[in-house]
Amino acid sequence: MTLQFSLDSAAPETADVPCVVVGVYENGLLTSAAARVDSAAGGAIKRQVESGDITGKAASTTVLFAPEGIKAKRVLVVGLGSQKSFEASRFQKVNMEAARVLSRLPIDSALSFLTEVDVPSRDTAWRVRTAALAVDHATYRYTATVKLREKNGQPELSSISFAGGDNAQTGLDQARAIAQGVLFARELANLPPNICNPAYIAQKASEFADGEAQVSCKVLDHEEMAKLGFGSLLAVGRGSANKPKLIVLEYKGGAEDEKPYAFVGKGITFDTGGISLKPGPGMEEMKFDMGGAAGVLGAFISAVKMGLKINLVCVVPAVENMPDGDAYRPSDVLTSLSGITIEVLNTDAEGRLILCDALTYTAQTFKPHTMIDAATLTGACVIALGKYASGLMSKHDDLADELLRAGETTLDRAWRLPLWDDYHVQLESGFADIANIGGKNAGAITAGCFLSRFTEGQRWAHLDIAGTAWDEGRKGLATGRPVPLLAQWLIDRAG
C-alpha cells in the first residue's frame with residue numbers, strides 16, 4: 001500500500017482527524033501546536049509533563065486518547081530533545097518514530113504539526129519533504145511473498161497530512177516522486193532471488209518505460225553482449241542458468257542536444273561468490289547484492305516522476321554469480337569490453353567485473369556529461385564506514401562536492417574516500433593488465449581504483465553502498481538508498 005501525502009492548514013485544536021501529532025522539547029517546552037492543543041484541552045499536555053509521563057526526550061512518544069476540548073480523537077506527543085541542539089537528523093528521527101507509533105494505532109489518517117518545528121538552515125519545503133519521506137520509510141511493509149500476514153480488520157494508516165502552506169508544495173511534490181523511486185528500489189531488492197533474477201529486473205524496467213512517453217528501454221541479452229565483446233560481464237554469469245541482461249533506460253526530459261547524465265548500477269541478483277564460495281552463514285543476504293541496480297532504477301523513476309528537465313540514462317548489468325562446471329575460475333584472464341585484460345584472483349570480486357563493461361558501454365554509447373555508479377561493492381566499505389554513510393570516490397572534486405551536498409540535504413549521506421594513484425600498485429598483475437582484487441588493505445579504495453581504469457576521460461563518481469543498501473539480520477529490509485541522494489543531485493542539476 002502506498003502512503004498518500006497532503007498539506008493541511010487546519011488548526012491543531014480544531015482538526016477533525018483520528019490523530020494529530022505535536023512536539024515537546026526537553027524541560028517541558030511546548031511547540032506552538034502543542035501549546036494550542038494544551039490550552040484547548042485544559043492543560044492535558046502540561047499535566048503529563050509535570051508528572052514526568054512526557055519527558056520531551058528525543059523520539060519519546062505519548063498518546064493522549066480522546067482529550068476533551070479538541071476535535072481530534074488522539075494526540076501523539078513526540079519528544080524533540082534539547083531545543084538548543086535540535087538539527088536536521090533529529091528532525092528526521094522524530095518523524096520516523098512518530099510514524100512507527102501511528103502505524104500501530106487503529107487509524108487510517110493523521111495530521112502532523114512536526115513540520116512547523118524550526119530546523120536551522122532548512123525551509124518549510126525541506127521540512128515537509130523530509131518528514132514525508134521519513135514517514136514513508138518507517139511505515140513500509142514488505143508483503144509481496146508474505147501470504148499469511150494476520151488481518152485483524154482494523155484501519156491501517158494510508159494517508160498523512162502535514163502542516164504547511166503553498167510554499168511547502170514543492171517539497172511535497174518531490175517527496176511523492178522520490179517515495180515512488182524508493183518504493184520501487186525497496187520492493188525490487190527485498191524480493192527473493194528465485195523471483196528477482198536478471199530477466200525479472202529487465203521486465204520491470206520495460207514495464208515502467210511502457211507507461212512513460214519520454215522513457216525508452218532496451219535490453220541486451222547474453223548473445224548480443226557476446227557479439228559486442230562484454231567478456232568480463234559475461235564471465236561472471238557463466239555459472240548460472242539465469243542468463244545476464246544489460247538493461248538500458250533512457251529519459252528524454254531535456255533539450256535534444258544536451259548530453260545525458262548517466263547512472264550505472266550493480267545488479268548481482270544473487271552472489272554465492274562463485275568458485276570462491278562465500279561462507280554459508282549470512283549468504284541469504286546476498287539477494288541484496290543488486291542494491292546498486294535497485295537504487296539507480298529508483299532514482300531514475302524519481303527523476304521521471306518529477307519531470308526534471310534533463311536527459312538521463314540508467315544502465316543496469318544484471319547477472320547471477322553461481323558456481324558450476326562452466327563457472328569462471330580464479331586465475332582466468334578476461335578481456336573486457338574496453339580491451340583491458342583482467343586476471344581473476346577471486347570470483348567473489350565480481351561486481352567490479354560487470355560494472356567495468358557496463359561503464360565502458362555507457363561511456364562509448366551515450367558520451368554522458370557525468371557518470372555515477374552505485375554498487376554494494378565491498379565488505380571493506382562496511383568496515384570503514386558502517387551503515388550510516390555510503391563510500392564516495394571520485395577524481396573530480398567538484399562532482400564529489402555536489403554529491404556530498406546532495407547527501408547532506410537528504411540525510412542520505414556519503415563520505416569521500418581517496419582514489420590516489422598510490423593504491424593502483426595493489427592491482428598489478430603478472431598475467432594481465434590488471435588484477436580484480438588488491439589484497440586485504442584498503443579494499444573499498446582499490447575496488448574504486450579498479451573501476452577508475454575503465455572511466456578515464458569521464459566525469460565519474462563511484463558510490464559503495466554495501467553498508468547502506470539494507471539493514472542486517474533475518475528481518476532486515478532494503479533501505480532504498482541511495483535514491484534520495486541521487487534524486488537530489490539530479491534536482492540540483494535541473495536547477
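Leaving aside its neighbours within four places in sequence, which residues is Ala494 in contact with? I come back to this in the first point below. Please keep in mind while reading that this is a predicted model.

1. **Ala494 and its contacts.** The residues in contact with Ala494, once neighbours within four places in sequence are set aside, are Leu308, Lys309 and Ile310. Ala494 itself belongs to helix 14, and with a relative accessible area of 30% it is partly exposed. For a pair to look at on the same display, take Ala494 and Asn194: they are separated by 300 residues in sequence, and their C-alpha atoms are 38 Å apart in space.

2. **A cis peptide bond ahead of helix 14.** You may like to check the bond from Arg481 to Pro482, which is cis, with omega near 10 degrees. Pro482 sits in the loop between strand 18 (460-464) and helix 14 (483-494). Arg481 is in that loop too, between strand 18 and helix 14, and it returns in the next point.

3. **The salt bridge at Arg481.** Arg481 meets Asp412 through their side chains in a salt bridge, at 2.6 Å from N to O. The two partners come from distant parts of the chain, 69 residues apart, with Asp412 placed in the loop between helix 12 and strand 16. Are these two residues buried or exposed? Both Asp412 and Arg481 are buried.

4. **Leu411, beside that loop partner.** Leu411 is worth a look on your backbone plot: its phi is positive, about 65 degrees, although the residue is not a glycine. Leu411 lies in the loop between helix 12 (397-410) and strand 16 (414-416). With a relative accessible area of 11%, Leu411 is buried.

5. **Ala59, another positive phi.** Ala59 is also a residue other than glycine with a positive phi, here near 70 degrees. Its place is in the loop between helix 2 (44-51) and strand 3 (61-65). Ala59 has a relative accessible area of 16%, so it counts as buried.

6. **Helix 12 tied to strand 16.** Arg416 and Asp397 form a salt bridge through their side chains, 2.9 Å from N to O. Because Arg416 lies in strand 16 and Asp397 in helix 12, the pair ties together parts that are 19 residues apart in sequence. Arg416 has 29% relative accessibility and therefore counts as partly exposed.

7. **Lys266 and Asp289.** Here the closest N and O atoms of the salt bridge are 2.9 Å apart. This pair links distant parts of the chain, 23 residues apart: Lys266 is in the loop between strand 9 (261-265) and strand 10 (267-271), while Asp289 is in the loop between strand 10 and helix 9 (291-306). Both Lys266 and Asp289 are buried.

8. **Salt bridges overall.** Side chains of opposite charge can pair when their charged atoms come close. How many salt bridges does the count come to? The count comes to 19 salt bridges, among them the Asp412 and Arg481 pair, whose side chains meet at 2.6 Å. Salt bridges with shared partners also join Asp398, Glu402, Arg459 and Arg493 into one network.

9. **Cysteines without disulfides.** The structure holds zero disulfides. Why does Cys314 not form one with Cys217? The sulfur in Cys217 is the closest cysteine sulfur to that of Cys314, yet at 9.5 Å it is too far for a bond. Cys449 is likewise unbonded, because its closest cysteine sulfur, in Cys381, is 13 Å away. Cys314 is buried, with a relative accessible area of 1%, and Cys449 counts as buried at 0% relative accessibility.

10. **A three-stranded sheet.** One open sheet has three strands in the order 12-13-17, and its pairing is mixed. Strand 12 (333-335) and strand 17 (434-435) stand at the edges with a single partner strand each, so one side of each has no neighbour in the sheet. Strand 12 pairs with strand 13 (residues 341-343) in the antiparallel sense, over three bridges. To find the register quickly, start at Thr335, which stands opposite Thr341 in strand 13.

Key. Residues numbered from 1 in each chain as written. Predicted model: local features only at pLDDT ≥ 70, side-chain atom pairs only at ≥ 80, totals over all residues. Heavy atoms only, no water. Helix = DSSP H or I, 4+ residues; strand = E, 2+ residues; numbered from the N terminus. Buried < 20%, exposed > 50% of the residue type's maximum accessible area, 1.4 Å probe, protein only. Disulfide = S-S within 2.5 Å. Pairing = 2+ DSSP bridges. Contact = heavy atoms within 4.5 Å. Salt bridge = Lys/Arg side-chain N within 4 Å of Asp/Glu carboxyl O.
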